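Trainee: Please take a close look at the aromatic rings in this model, at what sits over them and how they pair with one another. I would like one connected account that keeps the geometry and the burial together.

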Amino acid sequence: MPVAGKSLYKTKTALIDVSESTTVSTAVDTDGLLLAGIRFDASITCATITFQVTSTNSSGTFMNLVETDGTDVSYTVSAGKQVRVDPSGWAGVGAIKVVCSQAESYDCKVELVFHSA
């Protein structure tokens, strides 16, 4: 039975770093949750992001995440904004790395927003 004022969904956020002169972020474990949003630092400069994922945790073997037609799953970067993500496409993902379309000029933060199904 739900408790008044309590959400039935489990949520978490994870702040990841794309280091200066690199394109691939640190990895974050999903803890069995689904990606539901991406918040971009106001100073991010890349135009798009793609993803590397593993079905296990962040020590697993990462590979590019693609759509059913083989194209990379990608999002247009909106500096200083949060992008809505359809969580249904993230089932079975154990850990995520964000890949920027170009190297950042300095350390940049991207926040991933997760919730339960």
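**Aromatic rings and their partners**

Mentor: Lys97 lies over the face of Phe62, and the distance to the ring centre is 4.4 Å; please keep in mind throughout that this is a predicted model. A comparable description applies to Lys12, whose charged end sits over the ring of Phe114, at 5.5 Å from the centre of that ring. Both distances fall under the cut-off for a charge over a ring, which asks for NZ of Lys within 6 Å of the ring centre.

From charges over rings we can turn to rings that meet rings, where a pair is described by the distance of the centres and the angle of the planes. The structure holds two aromatic pairs. One of them is formed by Phe51 and Tyr75, edge-to-face, with 5.9 Å from centre to centre and 80° between the planes. This pair links distant parts of the chain, since Phe51 belongs to strand 4 (residues 48–54) and Tyr75 to strand 6 (residues 75–76), the two being 24 residues apart. Phe51 and Tyr75 are both buried.

Phe51 also forms an edge-to-face pair with Trp90, in which the centres are 5.0 Å apart and the planes make an angle of 85°. Here Phe51 lies in strand 4, whereas Trp90 is found in the loop between strand 7 (82–84) and strand 8 (95–100), so the pair ties together parts that are 39 residues apart in sequence. As for the burial of these two partners, Phe51 counts as buried because its relative accessibility is 1%, and Trp90 is likewise buried, with a relative accessible area of 3%. Taken together, ring pairs link Phe51, Tyr75 and Trp90 into a cluster.

To set beside these buried rings, consider two residues with a backbone feature of their own. Ser21, in the loop between strand 1 (11–18) and strand 2 (28–29), has a positive phi of about 65° although it is not a glycine; with a relative accessible area of 57%, Ser21 is exposed. Asp31, in the loop between strand 2 and strand 3 (34–40), has a phi near 55°, again a positive value in a residue other than glycine. Asp31 counts as exposed because its relative accessible area is 51%, and the cut-off for that class is over 50%.

Note on methods:
Residues are numbered from 1 along each chain as its sequence is written. This is a predicted model: local features need pLDDT of at least 70, side-chain atom pairs count only at pLDDT 80 or more; totals for chains, interfaces and linings use all residues. Side-chain values use heavy atoms; hydrogens and water are left out. Helices (H or I, at least four residues) and strands (E, at least two) are DSSP runs, numbered from the N terminus. Buried means under 20% relative accessible area, exposed over 50%, partly exposed in between (1.4 Å probe, protein chains only). Rings of Phe, Tyr and Trp (its six-membered ring) pair if their centres lie within 6.5 Å; planes under 30 degrees apart count as stacked, over 60 as edge-to-face and the rest as tilted. A charge sits over a ring if NZ of Lys or CZ of Arg is within 6 Å of the ring centre and within 35 degrees of the ring normal.
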